[in-house]
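Trainee: Could you take me through one part of this model slowly? I'd like a close look at how the two chains meet, seen from chain B.

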Amino acid sequence: MHVELAIGPLWAQQARNTEADASTLIAFGLYMGGVFVLALIAHKMLSKREFVGEYFLGSRTLGVWALAFSFAATSASGGSFMGFPSLIYTHGWVLALWIGSYMVVPIVTMGLLGKRLNQVARKTNAITIPDVLRDRHHSHGLGLLAMGIIAFFMIVNLVAQFKAGGLILETLFRDIPGYTWTADNALGAFAHAIGQDDLGPGYLLALLLFGATVVAYTSYGGFKAVVWTDVMQGVVMGIGVLILLPLALKAAGGLPAVYDRLAEETPSHLLPPGTPPPDKPDLQFLPFSLAISFFFMWAISGAGQPGTMVRLMAFKESKTLLRAIFTVMVYYSCIYLPLVVIFVAARNIPGVADLPPEKTDSVMPITALAVAPSWLAGLLIAAPFAAVMSTVDSFLLLISSNLVRDFYQRTINPDASERTMRWLSVTATAVVGMIVLLAAMRPPQYLQYIIVFVGSGLAASFLAPIGLSIYWPRMTRVGTVASMLGGFLTMLTLYVLGWTGVANFLEGTWLVPLVRPIDFAPLDLCGLDPVVWGLGASLTLGVVVSLLSGLPPAGVVRFYFSRPS
Amino acid sequence: MSEPYPPTDDPVFRHARREALVILGLWLTCLLYTLTVCYFWGYNRDPATLTDVWGIPDWVFYGIFFPWAFCDLFTIWFCFFHAKEDDLGAGEAVPGTTPDLGGWADVRRGPGSPEQIQTNRGSVRPGGSDDAR
């Protein structure tokens, strides 16, 4: 953790460092203790219910708080507490527009599919998203296709998320006495042997701690452990932000004072498209076309995530869903707009106002240390770690359910015993986690782009197929395959075109107004993010191909769409 | 040769579809309102003409905070007064009611699960509802 504040004499900084180190350790220790207690309780419950349904879906018994916080915490990744505050601090009020579509995210992502998806899943006792598609269209092949696409995206994403977890943990521990020494001695030679000199042994040790913890409690406790730890993580994040808001405003002298200072010194912090990065003065931070894309990316694509959909199959009754939407609405309103206010106000907080660009990723702990008591700073420093952890554990379980439930049980051995399924589920979760952990030792660069690519790709591949399958009786098997592949391939094509730079010669035309000045960026056709095109292609193909491919069997339509006899 | 096309009168399906359309309408309204206000009041604005509401730039206050408050009120109305609290079913398939998967093997959804679909023998008709009756 970086706490080198440019305020006060050196001794004050050192005292602050020591306090922060102690509070970080205490907060982290308490947090880890809580995680393992919850995993232990969840594991005990596994022996009392049918194993597969309990391990992967919590036996469809999620209540309001569990559903709401598990949903909110899984959606909020580490970026919400590291990258997002840094962007607000750097670019100003335009981040309110960047995150603006979160005003409808709770109701859209949970309400659009929630009730109907839960009902459809109950009809056939479906436990995973491939289950739902396989049953709805009577096709093993479709189930396997869905399984393959989920596995592809999830494994790519997990490596990126593990890297994020390792980096955050290293940031937390970096300045703790003995950490660097331990890492150098224990893993220095290994880091050199695998060619990991850039991130170094400190990262490897943090990655091992992070990976071992997540893999252990997820494989041991299953879905319930994931959900309960999500609730705890969501509470940690929420309380931290709500306490920080008044403290930051008080330290900044109130919002009007912040406004006056920005208007005088950096008016670009008050207006879109936001302040350009110092090293790229010509870059528009948020061009208007990207602002349009964000309404699709956050709200609509959020509804299309298999990890979200699984939670929507797990709640107890429709009343639970409605109360949970309300709870998430309150939670998001209390988190995201206050975050914008806090880190705009940080520009007027002594000691935080003029951070150099390389320090802005740590603006949250720096602000917390500047305005809050050290115990609260410890809590806030644990928040990004909690956010990454709650995202990773859900994805890990999604992959193992893919392998064990969708591939092994439903395709290879439908007669697998309870004992076999229990052993396989725990082993698969642990093995997948270990493989991803090994891959993350040599992680890919461009973390944020990979995470966005995965989220967008999953939405383009699953939102229209699932949405049309549950709401449109006319949707056919062929239409579903076309919709899924159409969305997937559109996304893949636009990313490949962007990465290879093949279409760069079109820059400046209406077709490609701007090529993002980053190697790994996708091609923004007509200035719109690929997710808009992927969702559009998937929806169009699903409808057109279904209409061209004849009526679906009447028995299927009756089973899913007619009043039960 | 084919059975008559069945009615789509499941009440949960109808309620859920209607609620989904309301939600899509809200999303579209917010998209149009927010982007319109932010485009005309925010993009290409002369900073000298900018005003604030309680320290918040006017385009942020009217373009984002205001519709955000509206969405929160709408969500309260939707969750507590509009959406139906439907019975979603038991969560366990009734024996014989699950459709034929037409796949490669007998498929049994989970050990202990009551349903068994015998695809190879073809004893369960598509839709399976005849067996259920």
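Mentor: Here is a walk through chain B and the place where it meets chain A. Keep in mind as you look that this is a predicted model.

Let's start with chain B by itself. Chain B has three helices and two strands, and if you follow the chain from its N terminus, the order is α-β-β-α-α. Chain B is 133 residues long, and 48% of those residues count as buried. Its accessible surface comes to about 6,900 Å², with 61% of that on carbon and sulfur atoms. Now look at contacts within chain B whose partners are 6 or more positions apart: 46% of these join residues separated by 24 or more positions.

Next, bring in the partner. On the chain B side, 80 residues are in contact with chain A, and on the other side 87 residues of chain A take part. How much area do chain B and chain A bury between them? The figure is about 7,400 Å², and 70% of it lies on carbon and sulfur atoms. If you want somewhere to rest your eyes, find Y43(B), W68(B) and L88(B): this trio supplies 11% of the area that chain B buries against chain A, more than any other three residues.

What about charges and polar groups? Between chain B and chain A the count is three salt bridges. One you can pick out joins the side chains of E19(B) and K115(A), with N to O at 3.0 Å. There are also 16 residue pairs in polar contact between the two chains, counting pairs with both residues at pLDDT 80 or more.

Now ask which elements of chain B do the touching. Those that give two or more residues to the side facing chain A are α1 (11-41), β2 (56-57) and α2 (58-82). Of these, α1(B) gives the most, with 18 residues. Sort the residues on chain B's touching side by type and you get 47 nonpolar, 16 polar and 17 charged.

Before you go, peek inside chain A for a contrast in setting. Helix α16 (residues 363-371) of chain A is largely enclosed by the rest of the structure, because eight of its nine residues are buried; among them are V363(A), M364(A) and P365(A). Another spot worth finding is G542(A), in helix α21 (residues 530-548) of chain A. G542(A) counts as buried because its relative accessibility is 0%. Its contacts beyond four places in sequence include L468(A), W472(A) and M475(A).

Terms used: Residues are numbered from 1 along each chain as its sequence is written. Chains are lettered from A and ligands numbered from 1 in the order in which they are written. Side-chain values use heavy atoms; hydrogens and water are left out. Contact means heavy atoms within 4.5 Å. Buried area is the accessible area (1.4 Å probe) that two parts lose on being put together, summed over both. A salt bridge is a side-chain nitrogen of Lys or Arg within 4 Å of a carboxyl oxygen of Asp or Glu. A polar contact is a pair of N or O atoms within 3.5 Å; within protein, one must be able to donate a hydrogen and the other to accept it, and residues adjacent in sequence count only if both atoms are side-chain atoms. Helices (H or I, at least four residues) and strands (E, at least two) are DSSP runs, numbered from the N terminus. Ala, Val, Leu, Ile, Met, Phe, Trp, Tyr, Cys and Pro count as nonpolar, Asp, Glu, Lys and Arg as charged, and the others, Gly among them, as polar. Buried means under 20% relative accessible area, exposed over 50%, partly exposed in between (1.4 Å probe, protein chains only). Accessible areas come from the Shrake-Rupley method with a 1.4 Å probe; for residues, only the protein chains shown count as cover.
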